[in-house]
Amino acid sequence: MSPLDVPVLVPLHGIASRHDLPLPFSFVVTGAAIALAVSFALLLLAWRERRFTDPAGLVLPRLTRFVDHRAVRLVLRLIVLVSYALAALALVAGQDLLTNPIFGFVFAWMWVGLVPLSLLLGRFWRATNPLRTIHAGLCAVARTDADAGLLLLSRRIGVWPAAVGLFGFAFLELVQPDRATLPVLRFWAVCWLVILILGAVLFGSRWVGAADPFEAYATTIAGFSPWRRVDDQIRLVNPLRALMAVDPPPGAVAVVCVLLGSTAFDSFANTSWWIRSVQDSAISPVLWGTGGLFGMVIIVAATFELASRLMTPLRADDSLTAADLPRLMAPTVVPIVIGYAIAHYLSFLVVEGQRTAIGMSDPLGRGWNVLGSADMGVNSGLYDHPSLMAVIQLVAIVGGHILGIVAAHEKSLVLLRPDAALKGQLPMLLLMIFYTCSGLLLLFSP
């Protein structure tokens with residue numbers, strides 16, 4: 001079967017949108033009941049002393065030596081760089097059709113694919129980021145230090161530029177007119193490349209970590225990976241222990257709120273109420289989409305800030321300010337972000353990821369078979385099992401909620417006074433219940 005024989009599963013208006021079927025209402029009620037029951041059970045019966053304090057885990061010296069070997073790192077960097085080169089070829093000289101693999105490369109591989117990649121391989125993306133490779137190559141030619149730039153980048157910057165970039169990508173993915181056309185994607189790609197490379201020249205390689213939305217996304221998800229480097233050794237650890245050891249930079253709250261809010265808006269924008277309202281309005285759909293996306297991110301950010309700041313009077317360390325608590329609590333939302341991503345985009349990644357793998361063998365649409373995958377077919381069997389997909393969605397959202405509650409409880413034991421740890425985490429508990437029930441209802445909405 002050729003890729004052209006496969007039914008196109010993406011909508012005509014663009015490749016990037018939610019594709020999973022709405023949850024049955026009975027599943028929504030069941031999931032909400034489980035979330036409520038488990039949440040309050042944890043609150044009443046949870047441990048009173050920290051359990052996830054030691055991130056040491058199992059030391060793996062052989063794996064560390066293998067991963068740190070110069071040849072291994074070089075090969076991995078080259079593989080990623082070559083894949084980006086093929087994608088760039090498709091972007092610059094490919095056909096302006098949905099069959100062009102660049103659209104799946106950006107919206108399926110680069111975006112959704114970062115979730116399983118970062119969970120399974122930890123900070124793999126930071127080590128192989130093609131922008132870092134390009135910048136390192138330029139510095140090698142110029143015989144300059146890649147870490148040193150012309151200007152000093154303040155640590156207060158954190159990942160705020162990346163949060164802005166994440167919002168920009170969410171706009172491209174969910175709002176931008178004609179987003180699945182080459183001129184639009186070329187414009188955004190050039191902006192991304194120029195801003196990141198010029199910034200790296202000015203501020204050094206730290207700019208990539210601070211401003212690249214994809215690296216910020218991958219690093220955030222990797223915080224929940226079982227792989228962690230401790231004392232320069234790779235270790236296999238409990239993901240909750242790894243998450244507790246994360247020291248979130250400034251802007252971490254903005255990153256998780258954009259991730260959660262944009263995914264929620266993706267579901268909301270597919271409801272019949274939203275579609276009908278936009279169609280019946282005289283206001284531009286772009287303004288509707290921009291306002292809806294921004295509004296959803298603001299709702300997530302405002303509620304998270306409020307819940308975190310309500311914990312301030314009960315903090316154990318008086319040197320912590322009300323602004324510090326949201327940043328320190330930000331990693332506890334990561335399991336919910338992961339659950340949302342799996343629930344919304346799993347089938348899209350599986351099906352569109354296969355189509356992209358096929359198309360990458362022929363980036364220009366000229367009948368090539370560069371990677372030997374051009375004659376493969378797309379297995380879209382997931383769509384034949386809507387009940388299975390519904391169960392996966394339910395487990396992902398409720399499971400992410402439960403892990404988020406556990407992480408929030410453990411973090412509360414660190415940040416709050418011992419006599420107030422349980423009472424102080426109640427606002428965060430209610431917030432996570434709100435996130436979970438809202439996510440389930442959005443997935444139910446036809």
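At 30% relative accessibility, Asp68 is classed as partly exposed. In this predicted model, the Asp68 carboxylate forms a salt bridge with the side chain of Arg229, at 2.8 Å from N to O. The bridge joins distant parts of the chain. Asp68 belongs to helix α2 (residues 61–68), and Arg229 to strand β2 (residues 227–230). The two residues lie 161 residues apart. Arg229 has a relative accessibility of 36%, so this residue is also partly exposed, between the limits of 20% and 50%.

Arg229 has a further partner. Its side chain meets that of Asp232 in a salt bridge of 3.4 Å, N to O. Asp232 has 54% relative accessibility and therefore counts as exposed, the cut-off being over 50%. Both bridges of Arg229 fall within a network of salt bridges. The network links Asp68, Arg73, Arg229 and Asp232.

A salt bridge was also found between Arg235 and Asp231, with an N to O distance of 3.9 Å. This distance is within the 4 Å limit, so the pair qualifies. The two partners fall into separate accessibility classes. Arg235 is buried, because its relative accessibility of 12% is under 20%. Asp231 is exposed, because its value of 67% is over 50%. Across the whole structure, the search returned ten salt bridges.

Attention now turns to the nonpolar residues. In soluble globular proteins, nonpolar side chains tend to be buried together. The largest nonpolar core in the model comprises 112 residues. Within this core, the residues with the most contacts are Ile102, Tyr217, Phe304 and Met428. Helix α13 (residues 252–268) supplies the largest share of the core, with eleven residues.

The surroundings of Met428 were examined further. Residues up to four places away in sequence were not counted. Beyond them, Met428 touches Phe304, Ala307, Ser308, Met311, Met329 and Ala408. Phe304, one of these contacts, is itself listed among the core residues with the most contacts. A second core was also identified, separate from the largest one. This second core has eight residues, including Val28, Ala343, Leu394 and Ile397.

Note on methods:
Residues are numbered from 1 along each chain as its sequence is written. This is a predicted model: local features need pLDDT of at least 70, side-chain atom pairs count only at pLDDT 80 or more; totals for chains, interfaces and linings use all residues. Side-chain values use heavy atoms; hydrogens and water are left out. Helices (H or I, at least four residues) and strands (E, at least two) are DSSP runs, numbered from the N terminus. Buried means under 20% relative accessible area, exposed over 50%, partly exposed in between (1.4 Å probe, protein chains only). A nonpolar core is a set of buried Ala, Val, Leu, Ile, Met, Phe, Trp, Tyr and Cys residues joined through side-chain atoms within 4.5 Å. Contact means heavy atoms within 4.5 Å.
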